[in-house]
Every structure is written in C-alpha cells, then in structure tokens.
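Please open the model in a viewer and keep the sequence panel visible. The tour below proceeds by selection, with a short account of what each selection shows.

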Amino acid sequence: KMIKQFEELLLSTKREGIEALLEFIRKSDFYTAPASTRFHSCHEGGLLEHSLNVYKCLKEKENNTMWAEVYKDIPKESLIICALLHDLCKTYFYVPTKKSRKTGRTLSNGKPEWEDYMGYEIDDKIPLGHGEKSVMIASKYIELTNDELYAIRFHMGWSEPKEVYNAVGKAMAKHKLVLALHEADQEATYLLEEEC
C-alpha cells in the first residue's frame with residue numbers, strides 16, 4: 001500500500017524521467033531499507049515510511065497560516081519531489097546485522113543479561129555525502145528546480161557540519177522550501193516515528 005502511494009505520487013508529478021527514476025528505486029533497496037540505524041523508523045521499510053511521513057508533514061503546512069502565503073509560489077509537484085526523494089541517499093546505505101543489547105534483567109551472578117537481535121549498520125556503497133547525494137541521484141533521472149535542488153541538498157538544516165551553517169542560512173533565506181522540508185523532516189522524525 002505504501003509503495004503504491006509513493007509511486008502514484010511521484011508519477012503524478014509528470015516529471016520527464018520519473019519512470020526511469022522509479023525503475024532505479026524499484027531495483028534498489030529503497031522500499032526495504034530502514035530510515036536510520038537507531039534514531040527513527042529503523043526497521044525494514046522505514047525509509048519508505050519516513051519519506052511518506054515527510055510528505056504528509058510538508059503538505060500539511062498548506063493549512064498553516066504562516067506558510068500559506070509562501071506555498072502559493074511552490075508547485076505541488078515540488079512538495080512531492082522534495083519529500084519523497086530527500087533521503088534517496090539512503091539507498092545502498094544500510095545492511096542488516098546481528099547486534100547485542102542489554103535486556104534490563106540481571107543474571108544470577110549479578111551481571112547484566114544480553115540478547116541478540118537483528119539491526120542495521122551503515123555500509124555506504126555510494127559515499128557522496130547526504131543531501132548532495134540525493135540531489136545527484138535524482139538529477140541523473142529528472143531535472144530538479146532550483147527550489148527542489150536547494151531543499152533536498154540542505155534538508156538536514158542545522159544538523160549539517162558547522163562549516164556549512166552559512167550556506168544553510170543563505171539557502172533558507174533564498175529558498176523557503178529548504179526550511180519547510182527541514183521542518184517536515186524533523187516533524188516526521190520526532191512526532192510520527194519512534195526511536196529504536
């Protein structure tokens with residue numbers, strides 16, 4: 001159901017090359033990958049879930065009086081493109097791995113009890129950064145508008161290294177979609193999703 005919604009939304013943009021991009025996504029691990037190793041949606045299918053949650057939060061801003069005026073200048077397809085492709089960089093990024101954790105119980109010898117579980121670790125097969133990698137992958141298939149390019153590139157906002165803060169601030173001032181996407185990403189992460 002989530003895959004169908006994701007694909008229908010992307011196809012609704014009618015962006016030239018979107019079918020080829022969807023083919024790349026289908027052949028990748030995008031639909032099965034987690035969104036993170038432990039912070040949010042760190043389960044199979046978490047990346048797809050997170051992308052749709054970000055779209056939900058980004059679209060909801062249309063109903064916010066503070067954003068309503070700004071959104072008049074942002075095409076609907078830009079909301080779809082930015083939300084659904086902002087973490088394209090996480091394809092071929094995580095691998096399932098066996099991990100251990102404390103159970104919270106104590107053994108008879110007084111030592112903590114441990115259990116094995118399946119989790120994820122990072123194995124970045126395309127080490128091109130984060131937002132910039134999402135822009136590069138998407139741009140191989142579709143043409144991004146300037147708003148989309150900046151929004152996807154700087155969607156991490158102030159989580160970027162401090163050396164990039166000046167660029168983040170300038171991008172947000174020039175392209176309001178950067179701030180909207182950053183906020184939607186944070187809202188999805190902390191309001192709609194669970195930490196593992």
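Begin by selecting Ser51, which is buried, with a relative accessible area of 0%. The model is a predicted one, and every value quoted on this tour is computed from it. Ser51 is found in helix α3. Display its surroundings: leaving aside neighbours within four places in sequence, Ser51 is in contact with Phe6, Phe30, Ala83, Leu84 and His86. Two of these partners, Ala83 and Leu84, belong to helix α5, and that helix is the next selection.

**Helices α3 and α5**

Select residues 46-60 for α3 and residues 76-85 for α5. The two axes come within 7 Å of each other and cross at roughly 145°. The crossing is right-handed. Which residues of α3 meet α5? On the α3 side they are Ser51, Leu52, Val54, Tyr55 and Leu58, and on the α5 side Leu79, Ile80, Ala83 and Leu84. Coloured by residue class, this contact divides into 8 nonpolar residues, 1 polar residue and no charged ones. As background for viewing such a pair, an α-helix has 3.6 residues a turn, so residues three or four places apart point the same way.

Now keep α5 alone and colour it by accessibility. How many of the 10 residues of α5 are buried? The count is 8, so the helix is largely enclosed by the rest of the structure. The buried residues of α5 are Ser78, Leu79, Ile80, Ile81, Cys82, Ala83, Leu84 and Leu85.

**From Cys82 to helix α7**

Centre the view on Cys82, a buried residue of α5, and then select Ala151, which touches Cys82. The other partners of Ala151, not counting residues up to four places away in sequence, are Leu177, Val178 and Leu181. Ala151 has its place in helix α7, residues 146-153. Is Ala151 buried or exposed? Ala151 is buried, with a relative accessible area of 0%. For a distance check, place a label between the C-alpha atoms of Ala151 and Thr13: they are 17 Å apart in space, while the two residues are 138 apart in sequence.

**The hairpin**

Next select residues 94-106, strand β1, and residues 112-122, strand β2. The strands run antiparallel and are joined by 10 bridges. To follow the pairing, select Tyr94, whose bridge partner in β2 is Ile122. Then move to Lys99, which stands opposite Tyr117 in β2. Together β1 and β2 form a hairpin, with 5 residues between the strands. In the turn, select Gly110, which has a positive phi of about 90°.

Return to Tyr94 and display its contact with Ser36. Ser36 is found in the loop between α2 and α3. At 5% relative accessibility, Ser36 counts as buried. Apart from Tyr94, and not counting residues up to four places away in sequence, Ser36 touches Ser41 and Cys42.

**Two backbone angles to inspect**

Most residues other than glycine have a negative phi. Against that background, two loop residues merit selection. Lys14 has a positive phi of about 55° although it is not a glycine. Lys14 is placed in the loop between α1 (2-12) and α2 (18-27). At 73% relative accessibility, Lys14 counts as exposed.

The second residue is Tyr92, where phi is near 55°, again a positive value in a residue other than glycine. Tyr92 lies in the loop between α5 and β1. Its relative accessibility is 30%, and Tyr92 therefore counts as partly exposed, a class that runs from 20% to 50%.

**The whole chain**

Finally, clear the selection and show the complete chain. What elements does the chain have? There are 9 helices and 2 strands. From the N terminus on, their order is α-α-α-α-α-β-β-α-α-α-α. Taken along the principal axes, the C-alpha atoms fill a box of roughly 65 × 35 × 35 Å. A compact globule of 196 residues would have a radius of gyration near 16 Å, and the 18 Å of the chain agrees with this.

Colour once more by accessibility: buried residues make up 45% of the 196 residues. As a last display, draw the contacts between residues at least 6 apart in sequence; of these, 65% join residues at least 24 apart.

How values were computed:
Residues numbered from 1 in each chain as written. Predicted model: local features only at pLDDT ≥ 70, side-chain atom pairs only at ≥ 80, totals over all residues. Heavy atoms only, no water. Axes fitted to C-alpha atoms, helices over the stretch in contact; angles between N-to-C directions. Helix = DSSP H or I, 4+ residues; strand = E, 2+ residues; numbered from the N terminus. Left-handed = near helix turned anticlockwise from the far one by under 90°. Contact = heavy atoms within 4.5 Å. Nonpolar A, V, L, I, M, F, W, Y, C, P; charged D, E, K, R; others polar. Pairing = 2+ DSSP bridges. Buried < 20%, exposed > 50% of the residue type's maximum accessible area, 1.4 Å probe, protein only. Rg over C-alpha atoms; globule rule 2.2 N^0.38 Å.
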